[in-house]
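This report is meant for a reader who has not met the structure before. It goes from the whole chain to the sheet, and then to the helices.

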Amino acid sequence: MKRTVVLCAAIFSLSFWSCGEESSPTTPTATTLVPVGLPHVSGTIPITYNLHESLPSEWTEQFATIMKNLVVLLPLNTTNFSKVTVYSWNDSIAEPYTNVSGGAYIGGSSQTDKWMVLEIPNLEFKHNHLHQYSVIAHEYFHLHQLSIHSAMSTQDFSIKWLMEGAAAAFESVYTDQYHSPSNQTYFDAQTSVDFLVDGDPSVLENYSSQNVDQNYSSSVFLVLALVKELMKSGYSEADAFKSVLTTFPAQNPTDSNWKSVFESQFGFSVNDFYNVVKTSADYRRIPVTAGVDVAKVRPSRSLTVQSIFD
Ligand SMILES: [Zn+2]
């Protein structure tokens with residue numbers, strides 16, 4: 001349930017990216033703990049940290065390690081924004097940073113000043129839930145998307161399953177590589193795909209589909225099925241992920257031209273892809289009317305994020 005709250009908050013970020021009326025946050029009473037080794041720049045972008053003392057030290061140390069990994073993997077070389085400020089705290093306290101609302105999202109006081117907000121539910125610390133770490137990878141991946149996709153940065157691209165499905169798929173591959181027990185997979189958090197029994201995948205293009213896309217499960221399914229379709233046409237698994245996660249947004253698709261960008265890059269139309277998801281035994285249970293089968297789209301458990309982006 002807590003996870004749902006966090007992800008709903010992530011949705012909010014989309015309408016928040018371009019908010020220009022917020023004044024700069026101030027931190028008169030919040031104590032900032034800065035663990036050793038935090039990267040203060042990603043690519044060309046400086047990062048400022050506000051890590052509240054309410055966070056467990058074990059978490060802030062892991063946060064530093066995760067940020068170091070992500071900065072090396074996906075440096076933010078961009079002209080779409082000029083700085084990143086991180087605000088993070090434990091939800092057991094009142095929101096400590098003036099003008100910074102709770103949740104987990106990428107927001108900002110302007111187009112050039114991006115905030116990475118990570119309000120971590122105390123229950124995730126108590127129960128040692130991996131979401132306390134996976135959310136860092138998810139939100140950082142949105143910064144990567146924004147850094148290479150100016151139409152997303154200006155909200156001229158808003159196709160939800162491609163943005164959120166990609167971020168959540170990256171989140172799961174990263175978490176499996178660094179945090180999940182070897183006999184488990186974080187993709188098990190993304191199995192609520194009942195919508196795709198007979199739902200039209202095009203509904204997942206819009207953020208209003210949140211009620212049928214718990215934890216972005218159906219959006220992740222579409223991304224993983226797209227990866228499998230590309231593998232059928234000869235891509236390696238890693239290259240297929242790279243094509244969906246980075247090459248596609250780097251072509252700067254917009255809400256008006258994304259279907260033609262999709263077809264020219266992937267070699268089949270969006271509608272053909274949706275029809276495969278709706279009908280193919282490659283991705284569905286038998287009989288195919290019984291719904292989609294998450295086991296049929298799972299990536300290799302040994303897949304690494306470095307193999308995708310290097
Ligand atoms: Zn997100």
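## Overview

How many helices and strands are there in the protein chain? The model, which is predicted, has eleven helices and five strands in the protein chain.

The protein chain has 310 residues, and 43% of them count as buried. Among contacts in the protein chain with a separation of 6 or more, 72% are between residues 24 or more positions apart.

## The sheet

Five strands form an open sheet in the order β1-β2-β3-β5-β4, and the pairing is mixed. At the edges are β1 (41-42) and β4 (104-110), each of which pairs on one side only.

In general, the strands of a sheet pair through backbone hydrogen bonds, either parallel or antiparallel. β1 and β2 (residues 45-51) run antiparallel and are joined by two bridges. One residue of β1 to look at is Val41, whose bridge partner in β2 is Pro46. The hairpin of β1 and β2 has two residues between the strands, and Gly43 in this hairpin takes a positive phi near 60°.

β2 and β3 run parallel, with five bridges joining them. Across this pair, Ile47 stands opposite Val84 in β3. For β4 and β5 (residues 113-120) the direction is antiparallel, with six bridges. Here Ser110 stands opposite Asp113 in β5.

## The loop before β1

Pro35 lies in the loop between α1 (2-16) and β1. Is Pro35 partly exposed or buried? Pro35 has 17 C-beta neighbours inside 10 Å and therefore counts as partly exposed; 20 or more would be needed for a residue to be buried.

Leaving out residues up to four places away in sequence, Pro35 touches Thr60, Glu61 and Ala64. Thr60 is 25 residues from Pro35 in sequence, while the C-alpha atoms of the two are 6.5 Å apart in space.

## Helices α2 and α4

Helix α4 (residues 131-148) lies across three strands, β3 (83-90), β4 and β5, and runs at about 165° to β5.

Helix α4 also meets helix α2 (residues 57-73): their axes come within 10 Å and cross at roughly 30°. The crossing in which α2 passes α4 is right-handed. From α2, the contact is made by Trp59, Gln62, Phe63, Ile66 and Leu70, and from α4 by Gln132, Tyr133, Ile136, Ala137 and Tyr140. The residues of this contact of α2 with α4 comprise eight nonpolar, two polar and no charged ones.

## Helices α7 and α8

Two packed helices are described by the angle between their axes and the distance between the axes. For helix α7 (residues 217-232) and helix α8 (residues 237-250), the angle is about 125° and the axes are 9 Å apart. Why are α7 and α8 called oblique to each other? Angles over 145 degrees count as roughly antiparallel and those from 65 to 115 as roughly perpendicular, so an angle outside these ranges and not under 35 is oblique. With an angle of about 125°, α7 and α8 are therefore oblique to each other.

α7 passes α8 in a right-handed crossing. Which residues meet there? Val223, Leu226, Val227, Leu230 and Met231 belong to α7, and they meet Glu237, Ala240, Phe241, Ser243 and Val244 of α8. In the contact of α7 with α8, eight residues are nonpolar, one is polar and one is charged.

Conventions:
Residues numbered from 1 in each chain as written. Predicted model: local features only at pLDDT ≥ 70, side-chain atom pairs only at ≥ 80, totals over all residues. Axes fitted to C-alpha atoms, helices over the stretch in contact; angles between N-to-C directions. Helix = DSSP H or I, 4+ residues; strand = E, 2+ residues; numbered from the N terminus. Left-handed = near helix turned anticlockwise from the far one by under 90°. Contact = placed C-beta atoms within 7 Å. Nonpolar A, V, L, I, M, F, W, Y, C, P; charged D, E, K, R; others polar. Pairing = 2+ DSSP bridges. Buried ≥ 20, exposed ≤ 12 C-beta atoms within 10 Å, placed from the backbone.
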